[in-house]
Amino acid sequence: MKKRILALTCTAVLAISVLSGCGAKPPASTLAPAPSGALAESTAPVEFPTKDITMVVPYDAGGGVDLTTRLMTDAIGKSFNGHSVIVQNVSGGGGAVGQTTVKNSAPDGYTLLAYTSSVVNNPQLKEVDFVLEDFKPLACVCFDPEVILVPANSPYNTFEELIAAAKEKTINVSTSGAMTAHHLDGVKIQMATGADFAYIHCDSAPTQKQELIGGHTDAAIFPLGEIIDAINDGTVKALAIALSERSDKVPDVPTYTECGVPLVDGAFRGFACPAGVPNAEFETLKNVFEEVAQSQAFIDSMEQAGIPYLYMGAEEFQQYARDASAALADVVAFMNQ
């Protein structure tokens, strides 16, 4: 089973997952738009920052994490004493390369991380030299539910048909990277149904999308935000979505629970700094990120981009990540059989 689950590796991109009833569920969004206008002066002490800040995105440009991050940095603008937050893409290892880069950076507040579910997954599933507690969250802005899909010309028209076929033969399922939330979502479907999946791990979400649309895989698992355009234009078929209720963005797609798999699952996206950043600098970063994340301008930009918005402040986000890490244990045990 372990060999089958880890088959056909390529590399990279996002995420996490949360088994329904296993602890970490996305909390209700608290939409409290910040007042328009300049940020309060107290959030940006004169002594920090004195130069631009780097935001490391641990994935290729063009994917959901990259887009979410650029929406945030655009919304921040010059809020840090007239300085900007500059995006730097450092991809590889399913997010591990960029995450390691930030962990090893000087803890001075000038190097930040686009903080995704893979920060939870990677320390438990790969050989990396960081742990969850090496990072301190600033704010969460997205929970993007997983969707299982097939090419438009696939013989499978429902989730149940796909699973029935996967009990008779091996079904190839593509993901955007080994040990991403999307890969782990597939593993959890296997745990719940006994399906036989072999994984094709692509090096990015755009590559995975091309594979799916081109019919080069039997099925694929994506976060909704990265595939909704292809669902809406009919170039792929969405079979089920990992939410407790149907999404108003794709109301015709049934939930996993409706299909007999009680699973709420998805990828979170937010921002963090190295854990060693001094308190004064951390408070400056946290205050700006929390305020901008709740601003109506940023919320509107997320909506226009089709990215599912969900806000958590720094402390709530940190506890959520810890709970999600604890919930991952059963999945790891299954994969190690």
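## Worked exercises on a predicted model

The largest nonpolar core (a set of buried Ala, Val, Leu, Ile, Met, Phe, Trp, Tyr and Cys residues joined through side-chain atoms within 4.5 Å) holds 36 residues, and those with the most contacts inside it are Tyr-115, Phe-135, Leu-149, Ile-227 and Ile-231. Strand S4 (residues 135-151) gives the largest share of this core, five residues, where helices (H or I, at least four residues) and strands (E, at least two) are DSSP runs, numbered from the N terminus. The model is predicted, so that local features need pLDDT of at least 70 and side-chain atom pairs count only at pLDDT 80 or more, while totals for chains, interfaces and linings use all residues. Residues are numbered from 1 along each chain as its sequence is written, and side-chain values use heavy atoms, with hydrogens and water left out.

### Exercise 1: placing the cores

Task: Determine where the largest nonpolar core lies with respect to the domains, and describe the surroundings of Tyr-115.

Solution. Step one is to ask which domains supply residues: domain 1 (53-143 + 266-336) and domain 2 (144-259) both do, so the core lies between them; the domain bounds come from an automatic or database domain assignment. Step two takes Tyr-115 and leaves aside its neighbours within four places in sequence, after which its contacts (heavy atoms within 4.5 Å) include Leu-132, Phe-135, Pro-137, Phe-268, Phe-271 and Phe-317. Step three adds a second, separate core of 33 residues, with Ala-240, Val-261, Leu-263 and Met-335 among its members. As background, nonpolar side chains tend to be buried together in soluble globular proteins.

### Exercise 2: the buried side of H5

Task: For helix H5 (residues 159-166), find which residues are buried and what covers them.

Solution. The criterion comes first: buried means under 20% relative accessible area, exposed over 50%, and partly exposed in between, with a 1.4 Å probe and protein chains only. By this criterion, Phe-159, Leu-162, Ile-163, Ala-165 and Ala-166 of H5 are buried. These residues cover an arc of only 160° around the axis, which puts them on the same side of H5, the arc being that of the directions from the helix axis to the C-beta atoms. Their cover includes S4, strand S5 (171-175), helix H6 (181-193), strand S6 (197-201), strand S7 (219-223) and strand S8 (236-241).

### Exercise 3: the loop between H7 and S7

Task: Compare the burial of Thr-217 and Asp-218, and trace their polar contacts.

Solution. Thr-217 is found in the loop between H7 and S7, and Asp-218 has its place in the loop between helix H7 (205-213) and S7. Thr-217 is buried, with a relative accessible area of 5%, whereas Asp-218, at 28%, is partly exposed.

The next step concerns polar contacts, each a pair of N or O atoms within 3.5 Å; within protein, one must be able to donate a hydrogen and the other to accept it, and residues adjacent in sequence count only if both atoms are side-chain atoms. A polar atom of the Asp-218 side chain lies 2.8 Å from the backbone nitrogen of Asn-172, and a polar atom of the Thr-217 side chain lies 3.3 Å from the backbone oxygen of Asn-172. The side chain of Thr-217 also reaches the backbone oxygen of Ala-219, at 2.9 Å. Finally, Asp-218 and Asn-172 are 46 residues apart in sequence but 5.2 Å apart in space, C-alpha to C-alpha.

### Exercise 4: a glutamine in H7

Task: Is Gln-208 of helix H7 buried or exposed, and which backbone oxygens does its side chain approach?

Solution. Gln-208 lies in helix H7 and, at 1% relative accessibility, counts as buried. Its side chain reaches the backbone oxygen of Ser-174 at 3.0 Å, and a polar atom of the Gln-208 side chain lies 3.1 Å from the backbone oxygen of Ile-221. Leaving aside neighbours within four places in sequence, the residues in contact with Gln-208 include Thr-175, Cys-202, Ala-220 and Phe-222.

### Exercise 5: backbone details

Task: Locate the cis peptide bond at Pro-49 and the positive phi at Asn-81.

Solution. The peptide bond from Phe-48 to Pro-49 is cis, with omega near -5°, and Pro-49 sits in the loop between helix H1 (2-5) and strand S1 (53-57). Asn-81, although not a glycine, has a positive phi of about 55°; its place is in the loop between helix H2 (64-76) and strand S2 (85-89).
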